[in-house]
Amino acid sequence: MIPARTAVAALSAAVALSAALVHPAHAVSDAELALRWAPIHYQDTDSSDYDADYLSTVDFDGDWDTANNWEAQDDSPSRLTGAAYYSVVETSTHWFVVYSFYHPRDWEDSPDPFELHTHENDMEGVLAVVRKDGSTHGRLEGVITVAHSDFYSYVPAGSTFTGGRESVDGTLRLQDQRPTTRQEAKGHGLYAWNGAEFPGGDGVVYHPGTSAEVPSGGNDRSVAYRLVDTFAPGGLWARRSDPATFAGWGTFRGDNGKDNAANTAWGWDDANDGSDLPRGLLATDPAYLASVYFANRGEFSLTYTRNAYR
């Protein structure tokens, strides 16, 4: 028979080990989590106007009036420092991190006299689904990217996730243990990087960090971008009802090309993924969206412990 004191000590050690596996010693902040999983971002550029494809923030020109961003875009390209907005919500099993990449213009290198193909402001992005596995930053299990009015899903090697209602569109490549994404020139649709060279051979490779840089030109392969908290005081979410910035819920105000045609993360929508997945769900209810897009998820809670969109 095991002595009572020994049994109690063994039980205490087991409980402590279990707690350590579930709750890492360091509680990760949203900023740390977002930086860990921020993608290495392959931004294609068009040689007819390289800097029109540089990343920036909504207030790159010093104000939150989004109806003057088209005009301000080429006034001083030195203001186009690399950035991506992030937000984090969580359930008991997962973190859901949204990265939003902003451009002042969605543009064409040919005339658009009827204003059908261009618009002021452009924001597209990616949702990262990260399992809480007891490690500090968790384990990336899948991503969903936004390209215009379509969502695309990818899983890294080793993930258990498989296609759900929507089929998996490909394997997510990791580089330096980070996901990789690619974004088109001009229209800026966003996908997982396919490992290929930029079309035309020129493009900017953005690397996440704590500082921000402006590309030296349209073919700069190492540019730092910083992360901006969507929920920061006075930031993007705080201004969600500001008529200078937004024409409607999640829709930027813009009057060049097609009026009011760009959306934030809480306005993104896939045009044909089902009526139970309304506009904005990728940000506001990513657990449900991911549960529909992916199968073979294992333990997967739909109940939020924290969600500032709600």
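These are my notebook entries on the core, the cavities and the aromatic rings of this structure.

**Entry 1: the model**

I am working with a predicted model, so every value below is computed from its atoms.

**Entry 2: nonpolar cores**

I began with the cores. The largest nonpolar core holds 72 residues. I looked up which of its residues have the most contacts inside it, and they are Y99, L236 and L282. Strand β3, residues 94-106, gives this core its largest share, with seven residues. Apart from it I found another core of five residues, including I40, Y42, F198 and V205. A reminder to myself: nonpolar side chains in soluble globular proteins tend to be buried together.

**Entry 3: helix α5**

Next I checked how covered helix α5 is, which spans residues 286-293. Seven of its eight residues are buried. I wrote them down as P286, A287, L289, A290, S291, V292 and Y293. I kept L289 in mind, since this residue comes back in the lining of the second largest cavity.

**Entry 4: cavities**

How many cavities of 30 Å³ or more does a search of the whole structure find? I got two.

The largest cavity has about 40 Å³ of space. I listed its lining as W37, P39, Y99, V126, A128, V143, L172, P179 and T181. Y99 caught my eye here, as I had already noted Y99 among the residues with the most contacts inside the largest core. Strands β4 (119-131) and β10 (178-183) each supply at least two residues of this lining. Sorted by class, the lining comes out as eight nonpolar residues, one polar and no charged.

The second largest cavity has a volume of about 30 Å³. Its lining is made up of F151, W268, D269, D270, D273, L277, P278, L281, L282 and L289. L282 is another name I had met in the largest core, again among the residues with the most contacts. What does the lining of this second largest cavity look like by class? I counted seven nonpolar residues, no polar ones and three charged.

**Entry 5: aromatic pairs**

I then turned to the rings. A search of the whole structure gives 19 aromatic pairs, and I took a look at two of them.

F161 and F294 form a tilted pair, with 4.9 Å from centre to centre and 35° between the planes. This pair links distant parts of the chain: F161 is in the loop between β6 (150-156) and β7 (162-163), F294 is in strand β16 (residues 294-295), and the two are 133 residues apart. Are these two rings buried or exposed? F161 counts as buried because its relative accessibility is 3%, and F294 counts as buried because its value is 1%.

F246 and F252 form a stacked pair, at 5.3 Å centre to centre and 15° between the planes. I checked burial here too. F246 has a relative accessible area of 5%, so F246 is buried. For F252 the value is 1%, so F252 is buried as well.

I also followed ring pairs onward from these two residues. They belong to a cluster that links Y102, F231, W237, F246, W249, F252, W266 and Y309.

**Entry 6: charges over rings**

Last, I looked for arginines over rings. The charged end of R36 sits over the ring of W37, 3.9 Å from the ring centre. W37 is a residue I had already listed in the lining of the largest cavity. The charged end of R297 sits over the ring of F300, and its distance from the centre is 5.2 Å.

Terms used
Residues numbered from 1 in each chain as written. Predicted model: local features only at pLDDT ≥ 70, side-chain atom pairs only at ≥ 80, totals over all residues. Heavy atoms only, no water. Buried < 20%, exposed > 50% of the residue type's maximum accessible area, 1.4 Å probe, protein only. Helix = DSSP H or I, 4+ residues; strand = E, 2+ residues; numbered from the N terminus. 1 Å grid on protein atoms, 1.4 Å probe; cavity = no way out; pocket = protein on both sides within 12 Å on 5 of 7 lines; lining within 4 Å. Points joined across faces, edges and corners; volume = space filled by probe spheres on them. Nonpolar A, V, L, I, M, F, W, Y, C, P; charged D, E, K, R; others polar. Core = buried A, V, L, I, M, F, W, Y, C linked by side-chain atoms within 4.5 Å. Phe/Tyr/Trp six-rings, centres within 6.5 Å; stacked < 30°, edge-to-face > 60°. Lys NZ or Arg CZ within 6 Å of the ring centre and 35° of its normal.
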